[in-house]
Amino acid sequence: MVSSKGEQKQLYDLMLSREWDVFGTLKFQPIRLVGGQHCRKVLKQYWNKLDRVIYGKAAEKGFRVERWCLAHEGSHNDNYHVHFAAKAPIDPDLFCCLSNTLWTNQDRITCSINRNWITPALHRDRVANYLTKEVW
């Protein structure tokens, strides 16, 4: 059996071996108001919409934004959110603007721009560390 620290290190190394340039946090309204199943549905719709906006009909043939998503629940299991790293297929700044806009307008349960964070990744090692901090 692999220790949780070993799994964290493996995922950390895997993240650094990939080419990505955007880091994001997608937040929802307080979990007490929203069920996890609905959150997952909204996330799926968001990524499908983003893929469709960027790749058009080619998204139906498998063209997708390359991404790695990790769901976190917060220290008291009441702050469900998703962190992700992605390879921007367009200019990273434009990708971040587009991604933020789509997320904030995706559903009534998605948080506004002041509670989300999608930005170019400046320190990939710090981002990878943050993404893997809750891997058990």
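Me: How many bridges join strand 1 to strand 3 (residues 81–87)?
Reply: This is a predicted model, in which local features need pLDDT of at least 70 and side-chain atom pairs count only at pLDDT 80 or more, while totals for chains, interfaces and linings use all residues. Residues are numbered from 1 along each chain as its sequence is written, and side-chain values use heavy atoms, with hydrogens and water left out. Strands (E, at least two residues) and helices (H or I, at least four) are DSSP runs numbered from the N terminus, and two strands pair if DSSP finds at least two bridges between them. Strands 1 and 3 run antiparallel, and the bridges that join them number 6.

Me: Which residue of strand 3 stands opposite threonine 25?
Reply: Threonine 25 points the other way from strand 1 than Val22, Gly24 and Leu26 do. Its opposite residue in strand 3 is histidine 83.

Me: What is the bridge partner of glycine 24 in strand 4?
Reply: Strand 4 (residues 117–120) pairs with strand 1 in the antiparallel sense over 4 bridges. Within strand 4, glycine 24 has as its bridge partner isoleucine 118.

Me: How many residues of strand 1 (residues 22–27) are buried?
Reply: Buried means under 20% relative accessible area, exposed over 50%, and partly exposed in between, using a 1.4 Å probe and protein chains only. Val22, Gly24 and Leu26 point one way, Phe23, Thr25 and Lys27 the other way, and all are buried. The strand is thus mostly covered, with a buried count of 6 of 6.

Me: In what order do the elements of the protein chain run from the N terminus on?
Reply: The secondary structure comes to 4 helices and 4 strands. From the N terminus on, their order is α-β-α-β-β-α-β-α.

Me: Where in the protein chain is confidence highest?
Reply: Confidence is given by pLDDT, the predictor's score for each residue from 0 to 100. The protein chain averages 88, and 89% of the residues score at least 70. The lowest mean, 86, belongs to helix 1 (residues 4–17), and the highest, 96, to helix 3 (residues 92–104).

Me: Why is cysteine 111 not bonded to cysteine 39?
Reply: A disulfide is a pair of cysteine sulfur atoms within 2.5 Å, and by this rule the count comes to 0. Cysteine 111 is buried, with a relative accessible area of 1%. The closest cysteine sulfur to that of cysteine 111 is in cysteine 39, and a bond is ruled out because the distance is too far, at 9.7 Å.
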